[in-house]
Structures are given as structure tokens and as C-alpha cells.
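Let's take a walk through this structure together, a stop at a time. Have the sequence and the 3D view ready, and follow along.

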Amino acid sequence: MLEWIGAACFMVLMAILWPVVKCFGAESHSTLLLPRRESKRPAERCDSKLEGQGESDALALICKPSALANYLLKHCMSFCKSLSIPKWNWRMSSSLQTVFGALWPFDCPVHFIRDHLQLSDDGLVALDWAVVGAAHYKRRRTSSNSTSPVLLIIPNPFGKITRNVLKLCEAALSHGYLPVIFNRRSQNGTPLCTVKLQQFGDPTDLREAVRYIRYRQPAGQIYTVSESTGSGLLLSYLGECGSSSYVTAAACLSPVFRCQSWFESGPTWPFHWALVLYQKICLSRYKTVLGELVHTDSLFSSCSLKAMEEALFCHSGLKGTTEGAGSWEAYWEHNDPLRDIDEVAIPVLCVCSQDDPIRGEPQATLPLELFESNPHFFLLLTAHGGHCGFSTSDEGPIVWSHQGVLEFFRATTDFFAAEERAKLVARRRGLSGAGKTFRHRSVSTCKRLPVCSHNIHAIYNWQRSYTR
């Protein structure tokens, strides 16, 4: 009911302001297009100029030239099919696209079976396995004999399960995946068993969750998709674990890359206000227990995302503990998602729009140099789509961005399978040194071992029940 009221209020507000936004948007539209910088190494670019579409509808794949990039351009049809949105349609508004993807109610046939996973420090995270129809009444038992790929979905760090996430689960099920949503401590109904919340870029909990999924599904490949600022956690995990992430390929939908500056400046005021209010509502449930750790008065009187993050994790908000203590700068030294970005060893697709009202201006928020120099990162950039929106007027059962992600996963899997077959043929023929191939490895231990070095059965006592 609250979602309906919030969506209706925002739609009425935007309907009133739409003529003004449209007028000013037409004058400043040329500023949306990213200027291409001269580079010693040209980037791959797939521009789609369909009949009747202008430059504003162009779609670009920005990446470092490679065999995988050429393969993606050839086999991913969504990469060369831009969003078809008439200029008079409401989807041309980035704010309406964002609200539609986040708050608009969705009659989803997908249901979830929850597993509570107890971590090494006795904290709890929840894994919600997506199922369809009457199957949700039965207790789910993941089968070690199943070869179906697992799609691990990391929602935004505020714990809101959006329409976009539900649509992704539905699309993944129709393509043979086993979707599972990772819920952080205290979020989306997950009990808070320890006086500890997950820092923005701390992948410790996610690392244990991935190992649990791999234990339950050893024969299935793992793919990951993150939404919005939840991409910070995914990029931190991939950077810390490197080639030992157990993940075949990953995708980020509307990621925020420069997270420290994003917290400091925040999104535009309506979205900033809504995010602050939603986070306060979620944390108010644990106001008493959090009072043992932080100054709740300063926490709940905060008027910005930065002030709330500082009150929760930085030195100014802590009481009687040194955990997480330090300045704002020190906090981001340990939580910046791009701190170990050079260690990422799997293909990562980032789907972004130039008119994203949450991320901010593309010139200042998109690290194009990362995509132009790192062969593991691919940026699919469209002119319109808002923040995790990407809705089109002729939209089918699958959202355009989700279709692109699923095509990306299929293409990368086929590409690596072809690479392995080529290596096997070369060995049989007695050949060696067949040239450089895409760096993709899979080993069994993480690069950093703060808690992962323990025996896996010592971390999880699966003879006890942590599910409901």
C-alpha cells in the first residue's frame, strides 16, 4: 500500500513538472552525449542508428578491443539494439523511469524460499531462492546434482527489493537459472543477531554466502548481478578475491562507481530525501540495540547519506569501540569499490544510462578509462533509461537491460568453452604457445583469507537448522 501511495505521489509531481522538464531538457540535451577523448588504444563502440531514431537513441559498447569483445558484438543482439522510446512518451523522463523500476507494483508470479545463513561471527544473512507457482509451498532443498547455473542477485544496500529485481528473477527462471537474492544483515526482514552492520564495501559476508552456494551447488556455475549502489559490494568482492571468486561472469545494473563523492554530494534532492528517510525507517527497528554502538540521536537526526554513514561506521559516531573507527577518508580507503579493481579476473558488464538521476552527470561519474584499458570490463551505455529503469514502449516479458545481461552471460560462457576446446585440440596436436587468451581462471581459495582459511564445516554447522 505504501508503495502505491509513494509511486502515485511521485507520478503526480512529475506530471506537473513534466512540461518544464521537457522544455529545459530539449535545450540541454546535447550535454548528455559523452565527449570521446583521444586515446592511444581505441575502444570498441557499437552505435545503433535505426531508422527514425536520432543521435540521442545511440547505444555504445565501450571496452578495450579483444577477442571476447568481438564475440560479444557478434552474439549479443541487445548490444546493438537501442531503447526504442518515442519522444512524447513518459519513459523519456529519467525520473519516471527510475520510480517505475523501483516503486511501481508488480504482480510477480515468483515466490521466495528463505535460507538463513549463520556466519563465522554468529551474524545472519538471508538467501532468498526464487521459485514459481505452487512450488513455493514446499521446502526447498538445493540439489548437489543440479547443473543449473545460479544467478546471485545483490540488491541495493538499503535492502529494498524493487520491481527491477523481481523482473530479473522472473527472467532468470525462464532462462534456466536458479536465482537467489543476497540479503545483508538486518535487511529485508533478516534478524540482526550481532551488534554489527555491514560496511558499504566489506565483502566478508558475501564471500561466505558464495562459498555456501558453491557447497550446495557444486556442479552449477555462479553468475552475479548487482543493482544500483549494491554494485559497490560486488566490485569489492571481485577485487578482493580476484581469480578465486567462484564467479563465471558478473553484471552491474546502473552502478555507482565513485561512491565517496556520491555520498558527499548525493543524488538529486527528491531521491536523496527518499533514500535517507527509507534508511531511517529500516534502522529504527533496531534503535535500542544500535544505541550500544552508535549515538542514535545523531544518527536519526542526520539529513544526508554521508552523515548517516559517518554516524554508523566512522569514529564520530562510535561509543566505546574501536571497530570501524577512523575518519571519513580512512573509511573509504577500506570500502572504495574500485580499490582492487585491477585484480578482477572475470568479465564484468556494466549497463548505464547517460540520464541517470541517481548516479549523476556521466562526465564526472563514469570512469571511461577503466573500460578502455581493462579487458575485463564492458560498458553498455545508452542515452535514456534512468536508474535501473530501461523500460521501453514495446517492452516484452523481459526488460531490455535484463535481456542484455542474460545474453552477456550466455556469450561469455560459450566463448570460454570454445577457448577450452581450442586448448584441448592444441594439446592433442602437440602444439604449445597458442598465443594469448582472455585471462580467466578458477581456483579454490580466495586471495585474502581473513576468515575463509578455516575449514568450511567449522564455519557452517549445517546439521543445525538456520532456515525457515
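Are W328 and Y331 buried or exposed? Both of these residues are buried. Keep in mind as you look around that this is a predicted model.

Let's stay with that pair for a moment. W328 and Y331 are an aromatic pair of the stacked kind, with ring centres 6.1 Å apart and 20 degrees between the planes. To be called stacked, the planes have to be under 30 degrees apart, so an angle of 20 degrees between W328 and Y331 fits the label. Where do they sit along the chain? They belong to helix α12, which covers residues 328–335, and being 3 residues apart there puts about one helical turn between W328 and Y331.

W328 has another aromatic partner, W332. Here the arrangement is edge-to-face: the centres are 5.7 Å apart, and the planes make an angle of 80 degrees. W332 is also in helix α12, 4 residues from W328, and that again is about one turn of the helix. Like W328, W332 is buried.

Now step back a little from helix α12. W328, Y331 and W332 are members of one aromatic cluster that also takes in F200, W262, F263 and F313. Across the model, the count of aromatic pairs comes to 20.

Next stop: two helices that pack against each other. A handy way to describe such packing is to give the angle between the two axes and the distance between them. For helix α2 (residues 67–75) and helix α15 (residues 400–428), the angle is about 130 degrees and the axes are 10 Å apart. That angle is why α2 and α15 are described as oblique to each other. Their crossing is right-handed. Which residues make the contact? From α2 come A67, L68, Y71, L72 and H75, while α15 brings F408, R410, A411, T412, D414 and F415. Sorted by character, the residues of this contact divide into 7 nonpolar, 2 polar and 2 charged.

Before leaving helix α15, have a look at H402, which lies in this helix. Is H402 buried or exposed? Its relative accessible area is 1%, and since buried means under 20%, H402 counts as buried. And what does H402 touch? Leaving aside residues up to four places away in sequence, H402 touches N164, K167, L168 and L253.

Conventions. Residues are numbered from 1 along each chain as its sequence is written. This is a predicted model: local features need pLDDT of at least 70, side-chain atom pairs count only at pLDDT 80 or more; totals for chains, interfaces and linings use all residues. Side-chain values use heavy atoms; hydrogens and water are left out. Axes are lines fitted to C-alpha atoms, for helices over the stretch in contact, and angles run from 0 to 180 degrees between N-to-C directions. Helices (H or I, at least four residues) and strands (E, at least two) are DSSP runs, numbered from the N terminus. Angles under 35 degrees count as roughly parallel, over 145 as roughly antiparallel, 65 to 115 as roughly perpendicular and the rest as oblique. A crossing is left-handed if the near helix is turned anticlockwise from the far one by less than a right angle, and right-handed if clockwise. Contact means heavy atoms within 4.5 Å. Ala, Val, Leu, Ile, Met, Phe, Trp, Tyr, Cys and Pro count as nonpolar, Asp, Glu, Lys and Arg as charged, and the others, Gly among them, as polar. Rings of Phe, Tyr and Trp (its six-membered ring) pair if their centres lie within 6.5 Å; planes under 30 degrees apart count as stacked, over 60 as edge-to-face and the rest as tilted. Buried means under 20% relative accessible area, exposed over 50%, partly exposed in between (1.4 Å probe, protein chains only).
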